[in-house]
Amino acid sequence: MHPPLDQAPPILDLALERTLTAWVQRFSQPQWRGKFIEGWLFESPPARRAAEQQLAAAGVQARFHSAYKPLVQFFLDEVVSAATAAQLASVHIDYPQPAAGDARRFALEAYPLAALLPAGAVQLLARSDQQPWYGVRLRWHGGRTRTARIHAPNRQHPDSTGTPVLSPTGWLRVGSSAGLADVLDSAVSTDYEEAWQQIMQAVARHPWPAQEPYFERLDIRIDLPGYEQPITWADETISTLEALHEDVYFSLLEFFQQHSGRTAGDRRLQPGQIVPDVRAGAEQVRVRVQLRAFDEPEPPKGAWPGTRAEAQGARGLAQNGQPPLELLDSPPPAALIERIMRTWPAERFSAPTRQGRAVQGCYRAGSQEPVFISAGQHANETSGIVGALRAAQALHAQPGAHFALIALENPDGYALHRELCQQHPGHMHHAARYSALGDDIEYREHAPLLERQARQTALALSGARLHVNLHGYPAHEWTRPLSGYMPRGFADWMLPKGFFLILRHHSGWQGRARALLHSVCRQLLQVPGLAEFNQRQRQLYECHAGPLPFEVIDGIACMVQENTRDAPVTLISEFPDETIHGPAFRFAHTVQMQTVLAAVRAWQHLARASENVGSRALT
């Protein structure tokens with residue numbers, strides 16, 4: 001008999017030597033006095049500078065660079081700050097064609113450089129060779145110039161599908177004089193890389209069951225020096241913590257896809273809940289992988305402590321039964337979402353979740369053409385949840401409104417998102433994207449349907465032929481630095497490119513669907529600030545990633561696909577909201593709300609037009 005999960009020995013519990021500490025100890029020895037050391041590793045600027053000073057005291061000249069985003073780090077370390085960036089007149093950067101992977105890989109790794117420097121100053125040009133370095137030519141106002149060669153050490157290796165990729169790696173160069181590497185010039189597997197490799201090897205060795213799900217919860221705790229470097233004026237943060245979370249989570253998904261015999265990227269995979277927890281501040285790296293049972297869901301609370309807007313929302317609810325949703329500056333607790341929905345006169349329905357929560361839905365019958373509104377399918381995409389609530393609030397005030405609503409489709413994932421945000425409120429937290437079974441709810445096909453049943457009930461009750469499904473995507477760069485840098489299967493989502501729409505339709509519904517799309521885009525022109533927001537994000541995206549690969553309608557990027565899933569027409573919103581707070585969050589859920597209301601208006605108009613055509617045909 002196996003011990004209970006929480007009493008089982010860990011799959012992995014390992015301490016790793018800190019690479020930077022090992023280098024300082026090694027090169028402080030007398031035989032290295034007078035040598036010149038240059039190294040690349042995954043450490044913060046202050047830690048790298050401190051190590052250089054320690055070696056200088058031992059008679060060794062050392063310079064340590066970041067192996068993660070080395071070009072951006074060069075500019076932050078040596079060229080610009082928020083106060084001095086405007087002094088640059090032009091920045092020319094040439095980058096290599098990679099030996100493996102996407103042709104713009106090194107241009108993407110330079111993100112968000114164009115946001116750090118004066119508008120239009122940056123030019124990124126591809127070279128014909130494959131050597132992993134950037135050529136930089138700088139010119140300041142007044143005529144001063146500088147050139148530099150910025151090395152970007154990488155290792156070539158197969159990814160989980162066997163495809164060759166390039167990943168950033170540690171590197172050491174030792175020379176007898178400055179600029180030489182006549183003593184040592186080789187790649188080094190750093191503590192950061194070793195942590196990921198040890199996790200993958202330990203999971204691969206473990207005797208997993210043959211049938212899904214393989215566990216309830218798989219916790220991966222990583223403590224490491226790490227760092228987060230905010231770039232406030234570019235609204236970005238360089239985070240080795242978030243990057244490792246993302247790489248561990250998706251690497252493990254890929255492992256379990258292979259273990260299950262599924263194809264890569266199959267969203268029906270149900271391994272269980274994978275939870276990476278990566279924290280900074282340790283003097284050395286410690287990695288722990290542990291199976292555990294689910295926690296019992298917390299009972300609903302009578303108050304919702306949190307942000308200022310949440311507190312205002314709770315007070316407003318006590319006064320008039322409705323919180324001031326427009327003031328919410330962060331995702332509200334699930335208990336508050338449910339209580340808001342219960343204040344409206346509507347038919348209730350629900351569906352259970354794997355962890356014992358419930359997906360709450362409501363249906364309001366009316367004389368208009370019905371619409372189904374949902375949000376929170378991917379629980380780390382949170383602006384749509386408030387946007388859906390605000391739209392439903394407005395529709396309840398309209399005579400004849402006819403709709404079904406599921407404001408939070410993935411309560412288990414949402415609970416994990418709030419748990420993870422206690423440590424890192426600004427991270428993307430893709431571990432909370434899917435259900436507690438580990439799958440994407442929309443793609444679930446077989447019993448037990450659990451959360452998926454709520455969507456089917458909403459469509460059946462309402463008879464809606466339009467589904468407005470509110471989503472989000474990363475509000476900042478999404479990387480997997482140890483698996484080829486670009487997120488495999490999600491490369492189009494790795495950089496923000498503004499608010500955009502995805503339109504899905506059944507065969508025979510293309511005309512009505514495209515009419516809906518054009519109407520919604522035209523109406524969204526009236527949302528204050530949206531056009532400027534989209535233009536600003538697209539300009540930065542295109543500088544690093546090239547031309548936007550989507551149709552643009554009235555300033556909004558759009559994708560149109562024929563798809564047989566769910567309603568005949570599905571309009572999916574995509575706001576870069578992972579994970580934003582404050583005014584940015586309020587703007588995001590305002591755009592989401594306006595998208596729903598625009599779609600409802602357009603759908604009513606199209607329904608009336610169709611009826612008129614039918615009536616004329618009969619006469």
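Which residues of helix 1 are buried? In this predicted model, they are T19, L20, A22, W23, V24 and F27. The points below cover the packing of helix 1, a four-stranded sheet, two nonpolar cores and two further helices.

**Helix 1 and its surroundings**
- Helix 1 spans residues 19-27, and helix 2 spans residues 45-57.
- The two helices pack at an angle of about 10°, and their axes lie 10 Å apart.
- Angles under 35 degrees count as roughly parallel, so helix 1 and helix 2 are roughly parallel to each other.
- On the helix 1 side, the contact is made by L20, V24 and F27. They meet A47, R48, A51, Q54 and L55 in helix 2.
- Helix 2 is one of several partners for the buried residues of helix 1. These residues also pack against strand 2 (36-41), strand 3 (61-66), strand 10 (170-175) and strand 11 (184-188). Helix 6 (191-205) is on the list as well.

**The four-stranded sheet**
- Four strands make up an open sheet with mixed pairing, in the order 5-4-6-7.
- Strand 5 (122-126) and strand 7 (145-151) are the edge strands, each pairing on one side only.
- From one strand to the next, the twist averages 15°.
- Helix 3 (residues 70-79) packs on this sheet and touches strand 4, strand 6 (133-140) and strand 7. The direction of helix 3 makes about 140° with that of strand 7.
- Strands of a sheet pair through backbone hydrogen bonds, either parallel or antiparallel.
- Strand 4 (residues 88-95) pairs with strand 5 in the parallel sense, over five bridges. Here Y95 stands opposite A126 in strand 5.
- Strand 4 and strand 6 run antiparallel and are joined by six bridges. L88 has W140 in strand 6 as its bridge partner.
- Why is strand 4 largely enclosed by the rest of the structure? Six of its eight residues are buried.

**Nonpolar cores**
- In soluble globular proteins, nonpolar side chains tend to be buried together.
- The largest nonpolar core here has 97 residues. The members that touch the most others are F75, I93, I199, W208, L218 and F256.
- Helix 7 (residues 240-260) supplies the largest share of this core, ten residues.
- Which residues does W208 contact, leaving aside its neighbours within four places in sequence? They are I11, V203, Y214, F215, L218, F255, F256, H259 and L291.
- Another core, of 61 residues, lies apart from the largest one. Its members include I337, W344, V371 and I373.

**Helices 11 and 13**
- Helix 11 (residues 411-421) is mostly covered, with eight of its eleven residues buried.
- The buried residues of helix 11 are P411, D412, G413, Y414, L416, H417, L420 and C421.
- Helix 13 (residues 510-524) has 15 residues. From first C-alpha to last, helix 13 reaches 21 Å, close to the 21 Å expected at 1.5 Å a residue.
- Buried in helix 13 are A513, L516, L517, S519, V520, C521 and L524.

How values were computed:
Residues are numbered from 1 along each chain as its sequence is written. This is a predicted model: local features need pLDDT of at least 70, side-chain atom pairs count only at pLDDT 80 or more; totals for chains, interfaces and linings use all residues. Side-chain values use heavy atoms; hydrogens and water are left out. Two strands pair if DSSP finds at least two bridges between them. Axes are lines fitted to C-alpha atoms, for helices over the stretch in contact, and angles run from 0 to 180 degrees between N-to-C directions. Contact means heavy atoms within 4.5 Å. Buried means under 20% relative accessible area, exposed over 50%, partly exposed in between (1.4 Å probe, protein chains only). The expected span of a helix is 1.5 Å times one less than its number of residues. A nonpolar core is a set of buried Ala, Val, Leu, Ile, Met, Phe, Trp, Tyr and Cys residues joined through side-chain atoms within 4.5 Å. Angles under 35 degrees count as roughly parallel, over 145 as roughly antiparallel, 65 to 115 as roughly perpendicular and the rest as oblique.
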